[in-house]
Amino acid sequence: MPTIKNKKIISSTDLFTIKKLDIEFKNNVHRKYEVVSGKGHGAVMIIPFENNTFYFIKEFAAGINDYAVSFPKGRIDDGESMFEAANRELQEEIGYKSDKLSHIFTLSLAPGYIDHDTHIILAQELSVSKLDGDEPEELEVIQCELSKVDTLIQEKKNNMESRAIACVYLFQNHINLKK
């Protein structure tokens, strides 16, 4: 395993910290890396699924200056478990809470330069419950039957977020494992 010889914070914002790492490999090769760390305790992405239907959101994505389709998601705040964060985000973003939450996977986004994990939570047994969120505008909720999800993903106009595509695959794998 390579050894971190030096670690220095080179920038920090409200959302991220960027660290410069000096790393020595076993063959005495030295490299510098920059790693982005998210504030908080990771994030959750929730797969709301009820009556053979997924609940996606469509929201503005500043990185592409357009709207993108994804699942509800958000940071795990101080003192929250991943399940508490998942239920809070569900209520803020789609107006439902879940009485059955299951952790099905943890994704590393880009482990070469981001140390942030996203915990994938399956939310079932949904009931109406709305909390005020931190979004600057109301999010569009898109309901999609399981049998039509491939079409939703393939429609170019949707700007489907890659984590949401991974979640559909993980969901299908999770369901197949339960059979």
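How many aromatic pairs does the structure hold? Eight. Rings of Phe, Tyr and Trp (its six-membered ring) pair if their centres lie within 6.5 Å; planes under 30 degrees apart count as stacked, over 60 as edge-to-face and the rest as tilted.

Before selecting anything, note that this is a predicted model, in which local features need pLDDT of at least 70, side-chain atom pairs count only at pLDDT 80 or more, and totals for chains, interfaces and linings use all residues. Residues are numbered from 1 along each chain as its sequence is written, and side-chain values use heavy atoms, leaving out hydrogens and water.

**Stop 1: the aromatic cluster**

Select Phe49, Phe54, Phe56, Phe71 and Phe171, which form one aromatic cluster. Start with phenylalanine 49 and phenylalanine 54. Their ring centres are 5.0 Å apart and their planes meet at 55°, so the pair is tilted. Phenylalanine 49 is buried at 10% relative accessibility. Here buried means under 20% relative accessible area, exposed over 50%, and partly exposed in between (1.4 Å probe, protein chains only). Phenylalanine 54 is buried too, with a relative accessible area of 0%.

Step on to phenylalanine 56. With phenylalanine 54 it forms another tilted pair, 5.8 Å centre to centre and 55° between the planes. Phenylalanine 56 is buried at 0%.

**Stop 2: the nonpolar cores**

Keep Phe54, Phe56 and Phe71 selected, and add Ile47 and Ile120. These five have the most contacts inside the largest nonpolar core, which has 21 residues. Such a core is a set of buried Ala, Val, Leu, Ile, Met, Phe, Trp, Tyr and Cys residues joined through side-chain atoms within 4.5 Å. At least two residues of this core come from each of β4 (43-50), β5 (53-61), β8 (96-108), β9 (117-128), β10 (140-145), α2 (149-154) and α3 (162-178). Helices (H or I, at least four residues) and strands (E, at least two) are DSSP runs, numbered from the N terminus. The largest share, five residues, is from α3.

Now centre on phenylalanine 71. What does phenylalanine 71 contact, leaving aside its neighbours within four places in sequence? The list is Met45, Ile46, Ile47, Pro48, Phe54, Tyr55, Phe56, Ile57, Ala164, Cys167 and Val168. Contact means heavy atoms within 4.5 Å.

Another core, of 13 residues, lies apart from the largest one. Select Ile46, Tyr55, Ile94 and Leu126, which are among its members.

**Stop 3: helix α1**

Select residues 82-93. The 12 residues of helix α1 should span 16 Å, at 1.5 Å a residue, and the end C-alpha atoms are 16 Å apart, which agrees. The expected span is 1.5 Å times one less than the number of residues.

Nine of the 12 residues are buried, so α1 is mostly covered. The buried ones are Ala85, Ala86, Asn87, Arg88, Glu89, Leu90, Gln91, Glu92 and Glu93. Their cover includes β4, β5, β7 (73-75), β8, β9 and β10. Glycine 95 follows α1, and its phi is positive, near 80°.

**Stop 4: charged pairs**

Stay at α1 and show the charged side chains. Glutamate 89 and arginine 88 form a salt bridge, with the closest N and O atoms 2.8 Å apart. A salt bridge is a side-chain nitrogen of Lys or Arg within 4 Å of a carboxyl oxygen of Asp or Glu. Both residues are buried. Extend the selection to Arg75, Asp77, Glu80 and Glu92: with Arg88 and Glu89, they are linked in a network of salt bridges. The whole structure has 14 salt bridges.

Next, lysine 19 and aspartate 115. Their salt bridge has its closest N and O atoms 3.7 Å apart. Lysine 19 lies in strand β2 (residues 16-24) and aspartate 115 in the loop between β8 and β9, so the pair ties together parts 96 residues apart in sequence. Lysine 19 is buried at 18%, whereas aspartate 115 is partly exposed at 43%.

Then go to glutamate 155 and lysine 157, which meet in a salt bridge of 3.9 Å, N to O. Glutamate 155 is partly exposed at 32%; lysine 157 is exposed at 64%.

**Stop 5: the cysteines**

Finish with cysteine 144 and cysteine 167. How many disulfides does the structure hold? Zero. A disulfide is a pair of cysteine sulfur atoms within 2.5 Å. The sulfur of cysteine 167 is 14 Å from that of cysteine 144, its closest cysteine sulfur, and this is too far for a bond. Cysteine 144 is buried at 7%, and cysteine 167 is buried at 0%.
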